[in-house]
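Here is a short report on one protein model. Read it with the sequence and the coordinates open.

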Amino acid sequence: MIILGLVTIMAAMLLVRLGWSGRRGVAPLGWALGVGGLFLLAANDGAWGVAVGAVAGMAVAIALVLHTGWRSPVKVRRPARTIPSITLPHRPADIARRLFVFVLVVPIGFVAAQWLTFGMQALARRAGAGEADALALTLFLQPVLWGVLMAWQMTRATAMRMIAPPAGAAILGTILWSLS
């Protein structure tokens, strides 16, 4: 029975590959056949059958990818273009802009996240949380909020737009602190 399950899974991988080549209706049939082959192997041989079937499916899939890669034509390579975001700045204005972005994202973002965390801690204490719970909340929230602020800032298009996230966090922290 294991041979039937393995042949089913190998045929399923071939159908999936044909589906990816342009015959869209064949791919779901291949996936369904593969799942059926795994169920057949699981029913007869348990976890061992599933493991052998998964390895056989992966081996066939790798062989198909290697074969397709070998047969595909070589693409023309274009000369490498240096991306401005990873080249070293040459003008003093570029250095100053990068330094401004760093200061805005790292230390100012840290302080804004810390201030918001203190506001949340004060609000938690006012709501009746104990000292240990409020401290644990602070130790958990500060790096999470700082990471969110950094990610938010780094997705802004200009350095001036990077000011809003830490400013908003600091204002919200002040509001939360004043509520307690």
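## Salt bridges

Asp94 pairs with Arg91 in a salt bridge. Their closest N and O atoms are 3.1 Å apart. The two partners sit in contrasting surroundings. Asp94 is buried, at a relative accessible area of 19%. Arg91 is exposed, at 53%. The label for Asp94 follows from the cut-off: buried means under 20%, so 19% qualifies. Arg91 counts as exposed because its 53% is over 50%.

The structure holds 2 salt bridges. Arg125 also forms one, with Glu131. Here the closest N and O atoms are 2.7 Å apart. Arg125 is partly exposed, with a relative accessible area of 38%. Glu131 is exposed, with 54%. As a general point, side chains of opposite charge can pair when their charged atoms come close.

## Confidence

This is a predicted model. What is the average pLDDT of the protein chain? The average is 89, and 96% of the residues score at least 70. Confidence is lowest in helix 3, residues 92–105, where the mean is 90. It is highest in helix 4, residues 107–126, at 94. In general, predicted coordinates should not be read in detail where pLDDT is low.

## Nonpolar cores

Which residues make up the largest nonpolar core? There are 8: Ala112, Ala113, Leu116, Leu141, Leu145, Leu149, Ala169 and Leu176. Helix 4, helix 5 (131–154) and helix 6 are the elements that give two or more residues to this core. Apart from it lies another core, of 5 residues. Leu104, Val105, Ala159 and Met162 are among them. In soluble globular proteins, nonpolar side chains tend to be buried together.

Leu116 belongs to the largest core. Leave aside its neighbours within four places in sequence. Leu116 is then in contact with Leu145, Ala169, Leu172, Gly173 and Leu176. Of these partners, Leu145, Ala169 and Leu176 are listed in the largest core too.

## A nonpolar surface patch

Leu123, Ile171, Leu172, Ile175 and Leu179 make a nonpolar surface patch. The patch covers about 420 Å². Helix 6, residues 164–179, gives the most to it, with 4 residues. Helix 6 also gives two or more residues to the largest core.

Ile175 is one of the patch residues. Its place is in helix 6. Is Ile175 buried or partly exposed? Its relative accessibility is 44%, so Ile175 counts as partly exposed. Leu172 is another patch residue, and Leu172 is in contact with Leu116.

## A buried glutamine

Gln121 is found in helix 4. Gln121 counts as buried, at 11% relative accessibility. Which residues does Gln121 contact, leaving aside its neighbours within four places in sequence? They are Ala134, Leu135 and Thr138.

## The start of the chain

Met1 lies in the segment before helix 1 (2–20). Met1 is exposed, with a relative accessible area of 59%. Leaving aside neighbours within four places in sequence, Met1 is in contact with Leu40 and Asn44.

Arg23 offers a distance check. Met1 and Arg23 are 22 residues apart along the chain. Their C-alpha atoms are separated by 30 Å.

Technical notes: Residues are numbered from 1 along each chain as its sequence is written. This is a predicted model: local features need pLDDT of at least 70, side-chain atom pairs count only at pLDDT 80 or more; totals for chains, interfaces and linings use all residues. Side-chain values use heavy atoms; hydrogens and water are left out. pLDDT is the predictor's confidence in each residue, from 0 to 100. A salt bridge is a side-chain nitrogen of Lys or Arg within 4 Å of a carboxyl oxygen of Asp or Glu. Buried means under 20% relative accessible area, exposed over 50%, partly exposed in between (1.4 Å probe, protein chains only). Patches are made of residues with over 30% relative accessible area and no salt bridge: like charges are joined within 9 Å, nonpolar side chains (Val, Leu, Ile, Met, Phe, Trp, Tyr) within 5 Å. Accessible areas come from the Shrake-Rupley method with a 1.4 Å probe; for residues, only the protein chains shown count as cover. A nonpolar core is a set of buried Ala, Val, Leu, Ile, Met, Phe, Trp, Tyr and Cys residues joined through side-chain atoms within 4.5 Å. Contact means heavy atoms within 4.5 Å.
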